[in-house]
Number of protein chains: 4
Amino acid sequence: MSTVQYSPVTSYLHHILDEVRADTSGAVADYIAELAQADPNPLGLALTTVSGHTYTAGDCDIEFSIQSISKPFVYALALRERGVDKVHETVGIEPSGDRFNSLSLDSNNRPMNPMINAGAIAVNQLINGDDSSVADRVESIRTILSELAGRELTLNEELAYSELDSADRNLALAYMMRARGLLNDEARAAVLAYVLQCSIMVNTRDLAVMAATLANGGVQPETGKRILSPEQCRLTMAVMSSCGMYDGAGKWMANVGIPAKSGVAGGLIGTLPGQLGIATFSPRLDESGNSVRGLKAFQAMSSQMGLHLMAPHRIGANAVRSIDTYADTTVLNLQDHINFSAAEQILYEIRQHDFGSSRLALDVTQVMSIDTISRRLLERTLDTMQSAGFAIFLYDPEGRLPNLRIGDKPARFLDADERHGLMG
Amino acid sequence: MSTVQYSPVTSYLHHILDEVRADTSGAVADYIAELAQADPNPLGLALTTVSGHTYTAGDCDIEFSIQSISKPFVYALALRERGVDKVHETVGIEPSGDRFNSLSLDSNNRPMNPMINAGAIAVNQLINGDDSSVADRVESIRTILSELAGRELTLNEELAYSELDSADRNLALAYMMRARGLLNDEARAAVLAYVLQCSIMVNTRDLAVMAATLANGGVQPETGKRILSPEQCRLTMAVMSSCGMYDGAGKWMANVGIPAKSGVAGGLIGTLPGQLGIATFSPRLDESGNSVRGLKAFQAMSSQMGLHLMAPHRIGANAVRSIDTYADTTVLNLQDHINFSAAEQILYEIRQHDFGSSRLALDVTQVMSIDTISRRLLERTLDTMQSAGFAIFLYDPEGRLPNLRIGDKPARFLDADERHGLMG
Amino acid sequence: MSTVQYSPVTSYLHHILDEVRADTSGAVADYIAELAQADPNPLGLALTTVSGHTYTAGDCDIEFSIQSISKPFVYALALRERGVDKVHETVGIEPSGDRFNSLSLDSNNRPMNPMINAGAIAVNQLINGDDSSVADRVESIRTILSELAGRELTLNEELAYSELDSADRNLALAYMMRARGLLNDEARAAVLAYVLQCSIMVNTRDLAVMAATLANGGVQPETGKRILSPEQCRLTMAVMSSCGMYDGAGKWMANVGIPAKSGVAGGLIGTLPGQLGIATFSPRLDESGNSVRGLKAFQAMSSQMGLHLMAPHRIGANAVRSIDTYADTTVLNLQDHINFSAAEQILYEIRQHDFGSSRLALDVTQVMSIDTISRRLLERTLDTMQSAGFAIFLYDPEGRLPNLRIGDKPARFLDADERHGLMG
Amino acid sequence: MSTVQYSPVTSYLHHILDEVRADTSGAVADYIAELAQADPNPLGLALTTVSGHTYTAGDCDIEFSIQSISKPFVYALALRERGVDKVHETVGIEPSGDRFNSLSLDSNNRPMNPMINAGAIAVNQLINGDDSSVADRVESIRTILSELAGRELTLNEELAYSELDSADRNLALAYMMRARGLLNDEARAAVLAYVLQCSIMVNTRDLAVMAATLANGGVQPETGKRILSPEQCRLTMAVMSSCGMYDGAGKWMANVGIPAKSGVAGGLIGTLPGQLGIATFSPRLDESGNSVRGLKAFQAMSSQMGLHLMAPHRIGANAVRSIDTYADTTVLNLQDHINFSAAEQILYEIRQHDFGSSRLALDVTQVMSIDTISRRLLERTLDTMQSAGFAIFLYDPEGRLPNLRIGDKPARFLDADERHGLMG
């Protein structure tokens with residue numbers, strides 16, 4: 001576990017908290033006795049990079065119940081246990097336009113998405129097999145949430161039972177779904193399992209790490225353990241982006257532009273795919289049930305830090321580090337993760353280059369990764385060059401491009417001496 | 001204008017077309033006489049990078065009417081002419097869940113979003129001032145679309161008037177909005193202006209360049225001309241992502257995951273912020289009114305090319321190219337665009353490094369850009385180092401970090417000789 | 001034409017007007033220029049019995065446009081011209097729960113009922129054949145409304161064209177219906193025909209007579225001319241009762257309990273089947289578009305006059321006027337209209353009677369009418385009596401029960417002398 | 001208790017049953033185990049007049065659970081216990097357009113009407129005071145239903161608990177209402193009270209008598225006991241007429257035209273205000289949940305027996321039995337119940353009559369009743385006549401018009417001898 005103790009990043013997070021701290025509007029959720037008694041004042045902000053660095057500011061160690069923030073993770077767990085097809089027989093993935101506690105069934109008799117309560121109750125039913133007891137099912141959920149957080153999380157059963165007492169609306173949804181054959185469990189048991197899932201205790205730091213695991217394609221960035229597949233993460237973040245924030249997916253996507261999910265105890269998470277997980281904690285909620293200061297912090301970070309998914313960062317636009325021309329050899333020094341856009345740039349540079357030599361060498365020492373389509377595009381370009389009479393060499397001391405083939409033959413790889421010799 | 005004539009990218013686009021070519025399901029739109037007579041067979045695919053490279057495959061020169069693909073661009077134009085606040089008094093940005101031709105007014109009496117017809121008619125009204133004639137308003141739209149495409153586009157007025165004849169539904173929407181005071185123009189004039197906007201003739205190549213302009217933050221990547229602001233592009237792509245595809249924003253975001261918009265004449269565009277604009281053309285539509293083969297091509301490209309917004313690419317994860325230690329100086333060689341994630345990595349590396357020297361030099365020759373927050377984080381870190389006794393130097397021959405300040409004083413910049421001297 | 005000039009009924013109507021006169025709340029319809037300029041003060045109340053007596057109080061001679069009160073009559077005309085099946089392919093008969101100017105299509109793609117504007121526009125299309133010109137169709141409607149009123153009514157074309165100018169909402173409905181294939185005419189022509197229908201000028205007296213024609217089963221009570229069939233009237237009044245009053249069929253049925261229809265120019269009609277037609281005129285409208293003082297007058301009359309359909313009047317409970325026993329003959333003197341309830345009473349009396357004689361005579365001189373089922377019940381009872389040994393006779397000088405059969409033989413009818421002889 | 005053992009009415013009811021007996025379409029309700037096992041074949045029809053005569057045909061003694069037919073009676077009981085205002089704070093009276101088991105709350109957060117399950121559960125809560133136990137509340141309901149039926153009815157508790165087991169939908173409604181603060185009881189207790197209410201066992205004869213009590217203005221026609229007020233009956237029948245039949249108030253009002261309510265065990269009741277209560281029993285249901293043969297029987301009776309509320313019977317059109325002119329006295333013999341229409345006729349006759357005498361006598365021996373407004377109209381007419389010089393006399397041996405005043409003085413009443421003397 002690596003929390004960075006002091007850093008300008010930490011300072012920046014404190015700065016964000018200072019920007020939003022004064023806003024004491026909103027109120028703690030009052031429909032559950034235990035939540036109503038919560039201290040409204042704590043304020044925390046944590047950020048975890050996909051490299052596994054976590055930064056915290058404010059009250060990041062205070063535990064609170066995860067509530068609806070469990071929804072995306074349990075959805076991801078359901079995808080892992082049951083597969084996409086089975087899960088999407090049970091629940092849709094469209095925004096409902098209705099309140100989180102509406103039934104919102106679609107034309108296929110499924111709850112509209114897993115982020116509304118009806119959908120979350122239905123998805124909870126999928127965990128641990130059709131015959132699972134409530135206790136075993138909740139334990140499965142507690143286990144994966146613990147793995148995602150990187151520490152053992154606990155249930156607050158007292159809270160859960162208190163919540164069950166005022167869960168008229170959720171019981172209504174469960175009975176409604178049962179009346180339509182959408183639940184296996186008796187309605188009360190289904191809601192119990194769901195409120196137990198919601199009662200898992202987390203702190204702001206936990207949530208940042210959990211969110212970062214989604215952003216990192218399913219590998220917990222601190223432990224390095226793969227918990228979910230990239231596709232499961234992709235689907236989960238897609239559903240968060242279109243259905244995660246109550247009342248206004250479009251507005252959220254326009255103004256903040258990152259997949260997010262809030263919980264009624266005051267938590268809020270966001271993910272920036274390939275980059276970050278972020279979490280805030282501030283229990284005062286606005287009328288839609290979102291944390292007031294949490295929302296403000298996200299808006300500030302989105303605009304100041306350029307986190308918006310639609311913000312036009314140039315990604316991999318610098319794939320060709322340099323082109324060096326020696327006596328009879330042209331050396332392309334490549335770098336970075338090579339995705340399609342990067343590959344396009346490399347190919348374009350090669351094609352544009354006025355080769356004064358008949359030998360082309362690619363130095364891929366600085367390349368971090370290359371995806372399938374880019375590798376194929378590169379192979380084809382090199383094949384074309386070779387057919388045109390060029391001799392092609394690769395220098396790949398880190399093994400980034402193993403088994404590269406040009407035409408129907410393996411590429412010729414240089415060793416360090418040969419590489420060095422080119423420069424001479 | 002730079003269309004790359006031959007390239008593995010081109011080959012790859014042909015390969016995508018080959019994958020989808022055989023699917024002749026669907027039918028051309030039949031509610032307008034002129035569209036009903038369209039040749040259903042053409043198939044085109046074009047891709048433009050933010051660097052301004054365009055690749056085409058198939059029938060990319062055939063002209064067809066832009067139809068609904070005009071909607072995001074006219075929305076962006078309205079944002080430019082009227083500002084965000086005025087535009088969002090007129091139209092919302094939430095997905096409607098209804099068909100594109102429903103009225104779908106929200107609780108503020110606005111059409112739900114600018115991608116449904118009612119919203120597009122309302123947004124069209126905003127162009128060229130409240131007192132604009134239909135002709136002048138349409139000319140303003142034609143002008144900006146031409147700038148976006150990089151060539152003079154023309155209207156197909158015959159088509160527009162043919163469309164007006166079967167525009168009962170749109171006339172109904174316009175009369176309904178007029179009844180609610182949402183239109184200035186007489187209803188028929190409003191619909192005429194809208195169908196004229198829809199009748200602007202484009203080819204697949206045009207659409208790819210136009211989409212790439214959005215992806216590029218508003219600078220047309222071939223002409224280099226700024227047409228829209230980054231914020232206008234961000235909002236436009238956000239609305240495309242949540243409301244752009246008929247019947248199923250959530251499914252589209254899950255499966256394809258890029259902002260997109262389709263037109264009833266068979267066009268389809270997508271944008272990948274910071275990277276690409278893509279366009280396809282194939283007139284046969286599915287029941288939702290989307291191009292059958294266009295959808296398939298987008299799905300194939302999204303998964304094969306890793307274009308999904310939620311796909312966890314590591315962005316800027318390689319910001320520190322190397323750390324070189326000389327006699328009494330540690331040199332950090334930085335590279336790439338420095339966004340928040342990259343800055344975090346740099347700071348982390350600096351803090352982790354066990355400096356054997358008391359002099360720290362940053363070589364930012366290879367840095368392409370740095371955003372505000374990252375620059376500030378860097379300044380603060382260097383300030384801390386300096387306070388701790390380090391002497392800090394920058395080598396910035398390309399002027400990437402002008403006026404950098406450390407503490408309250410300008411940073412000390414090295415010249416080339418000095419930089420070279422460090423190595424000695 | 002028989003307007004009763006002076007009567008306590010007239011006084012009573014004046015009394016009702018005095019009760020409501022002071023209420024000057026509400027406002028004249030302002031969406032049409034011509035209506036907005038109307039004098040808000042007139043107040044009229046007229047009542048026509050099915051016997052053809054008309055009583056008026058207040059401003060019953062002022063002409064105003066019939067507006068929506070035309071809807072039930074044009075619906076009845078459509079039933080007459082096209083038959084029930086064809087009409088109900090075009091329009092439903094269920095209350096919509098929506099505003100009068102909503103589209104409200106049902107699952108069969110029909111407007112919900114003929115009392116909302118969409119339904120009225122669709123029903124108007126049915127008049128005078130599919131190929132009718134607007135002028136001919138409107139003339140057909142003017143003609144039947146004139147027959148119903150018993151005088152030549154005129155169109156206010158100027159008003160109609162003024163209304164067309166602000167008919168955005170109705171034009172929207174018409175275009176919407178046309179888009180769904182529910183209209184033959186071009187949308188503007190359809191709305192023109194409808195607003196012309198609405199512009200027919202009537203006074204309060206006219207409306208009372210027209211309403212009384214419905215109450216009288218289709219025979220105009222002053223002229224004696226049959227204009228509609230009883231079934232057409234029954235359906236029309238049924239639709240008025242469930243869909244006639246905007247916003248609240250249930251409340252109207254609970255509080256007033258008579259089929260009714262209001263118009264935006266201030267008219268309001270009600271029918272009490274078999275008894276009365278009532279009309280009021282007062283142009284100030286409440287927020288639902290109903291005449292404020294008209295509603296109050298109806299409520300007062302309903303409760304004071306016992307007009308509520310659900311008020312438990314005993315109908316025909318006095319069918320047996322007397323039973324006279326003479327030497328060897330029992331004479332039943334029957335009276336009134338014999339419906340099922342009355343017949344049941346007659347039969348019950350016969351069965352209860354302790355006949356001291358073996359001869360039974362029925363004197364039906366005072367019977368006004370007998371319906372089919374009652375006649376059949378009477379025949380069977382007499383047959384049973386005859387089989388039990390009674391001799392049965394009828395005295396029917398007015399021919400109320402022609403061709404009555406007892407068992408398989410014609411009944412034996414007495415002449416006046418024989419009847420008189422019984423008493424001796 | 002007076003069931004008429006043999007009568008042509010009975011024969012007629014058998015005839016109706018014969019018409020519908022062959023239709024074995026539909027199926028018994030299968031969602032409750034006990035109902036699913038019911039014999040589908042029984043067929044019964046009973047009719048009770050407001051005079052207290054009951055006629056039965058078929059299986060009228062078989063007991064079945066009252067189910068939803070309890071709704072109008074418990075609504076009437078709530079009106080009696082709590083008054084109109086309190087009841088209508090709890091439940092609306094508008095048709096919902098939705099299925100009987102939808103929540104259908106109106107804009108005032110009330111269930112739309114007492115005939116849908118949500119409304120019936122809410123109304124049940126009103127019975128026997130806010131603090132009533134479930135058992136006491138149900139006993140109150142059982143007691144009034146027994147009084148209405150004229151015999152002690154029993155609960156089928158086993159059925160109720162079986163129904164509770166499959167009451168997911170009703171539990172959902174109850175939890176939903178509880179979540180909105182619309183229920184006092186815990187949701188499960190509320191549903192238990194409702195299903196117990198539904199489990200009261202009745203036979204077809206009972207239902208006819210109960211319906212006739214509504215038709216009779218609240219006086220049980222066999223026992224003569226007043227159970228409800230006329231206003232409570234009027235409201236109950238109004239709600240039955242607009243909301244009683246699932247899926248299609250408008251169609252029912254058009255085709256059958258009498259207030260009605262069906263139950264899922266196969267019962268169906270209808271009322272004809274002032275005349276009849278009717279009940280049928282046949283357990284096979286159509287898709288809307290109405291008894292197939294029950295509906296057919298009602299349709300047949302409505303058209304054959306002229307029971308439709310909108311059917312134009314002439315009511316009281318014969319109020320003047322005769323006008324006899326003697327030497328110096330004109331005698332008007334009046335008869336029947338004098339409502340407004342009848343009074344109008346009397347006044348009209350008086351005014352039309354060419355009096356050859358200066359003395360006017362009214363013989364009201366045959367008058368059954370006179371309502372307030374009619375009495376007032378009569379008084380005023382007689383006053384006018386008296387002022388014009390007529391001497392006015394009344395003959396009222398039955399005391400139908402006690403304390404009648406003409407002008408400011410009591411009317412002059414004749415004794416029998418004086419009456420007889422007139423004829424001489």
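How many salt bridges does a search of the whole structure find over all chains? The answer is 64. Please keep in mind, as you read on, that this is a predicted model. Here are some points to look at with the structure open.

1. **A link within chain A.** A good pair to begin with is A:Lys225 and A:Glu147, which form a salt bridge with their closest N and O atoms 3.1 Å apart. A:Lys225 sits in the loop between α9 (204–215) and α10 (230–243) of chain A, while A:Glu147 belongs to helix α5 (residues 134–149) of chain A, so the pair ties together parts that are 78 residues apart in sequence.

2. **A hairpin in chain A.** Next, find strand β8 (residues 320–325) and strand β9 (residues 329–338) of chain A, which run antiparallel and are joined by 5 bridges. The two strands, β8(A) and β9(A), make a hairpin, and 3 residues lie between them. To get your bearings there, look for A:Ile323, which stands opposite A:Leu332 in β9(A).

3. **Chain C against chain D.** Now turn to the contact between these two chains, which takes 69 residues from chain C and 69 residues from chain D. About 6,300 Å² is buried between chain C and chain D, with carbon and sulfur atoms giving 62% of that area. On the side of chain C that touches chain D, the residues divide into 33 nonpolar, 25 polar and 11 charged.

4. **Polar links between C and D.** How many salt bridges does the rule find across the interface of chain C and chain D? The count there is 0. Polar contacts are another matter: 12 residue pairs are in polar contact between chain C and chain D, with both residues of a pair at pLDDT 80 or more.

5. **How C and D are related.** A turn of 180° and a shift of 0.0 Å along the axis lay chain C on chain D with an RMSD of 0.1 Å. The two copies are therefore related as by a two-fold rotation axis. The same surface serves both copies, since 100% of the contact residues of chain C recur in chain D.

6. **Chain D against chain A.** Here 10 residues of chain D are in contact with 10 residues of chain A. The area buried between chain D and chain A is about 1,100 Å², and carbon and sulfur atoms give 62% of it. Which residues of chain D lose the most area to chain A? They are D:Asp168, D:Tyr175 and D:Met176, together 53% of what that side buries.

7. **Charged pairs between D and A.** Across the interface of chain D and chain A, the rule finds 2 salt bridges. D:Asp168, one of the residues named in the previous point, forms a salt bridge with A:Arg178, and the closest N and O atoms of this pair are 3.3 Å apart. The interface of chain D and chain A also has 2 residue pairs in polar contact, both residues at pLDDT 80 or more. Helix α7 (residues 168–179) of chain D supplies the largest share of the side that touches chain A, namely 8 residues. That side of chain D divides into 5 nonpolar, no polar and 5 charged residues.

8. **Pairs that do not touch.** Finally, chain A and chain C do not touch, and their nearest C-alpha atoms are 15 Å apart. Chain B and chain D do not touch either, with their nearest C-alpha atoms 15 Å apart.

Definitions and conventions:
Residues are numbered from 1 along each chain as its sequence is written. Chains are lettered from A and ligands numbered from 1 in the order in which they are written. This is a predicted model: local features need pLDDT of at least 70, side-chain atom pairs count only at pLDDT 80 or more; totals for chains, interfaces and linings use all residues. Side-chain values use heavy atoms; hydrogens and water are left out. Contact means heavy atoms within 4.5 Å. Buried area is the accessible area (1.4 Å probe) that two parts lose on being put together, summed over both. A salt bridge is a side-chain nitrogen of Lys or Arg within 4 Å of a carboxyl oxygen of Asp or Glu. A polar contact is a pair of N or O atoms within 3.5 Å; within protein, one must be able to donate a hydrogen and the other to accept it, and residues adjacent in sequence count only if both atoms are side-chain atoms. Ala, Val, Leu, Ile, Met, Phe, Trp, Tyr, Cys and Pro count as nonpolar, Asp, Glu, Lys and Arg as charged, and the others, Gly among them, as polar. Copies are superposed by least squares on the C-alpha atoms of residues with pLDDT of at least 70 in both. Two strands pair if DSSP finds at least two bridges between them. Helices (H or I, at least four residues) and strands (E, at least two) are DSSP runs, numbered from the N terminus.
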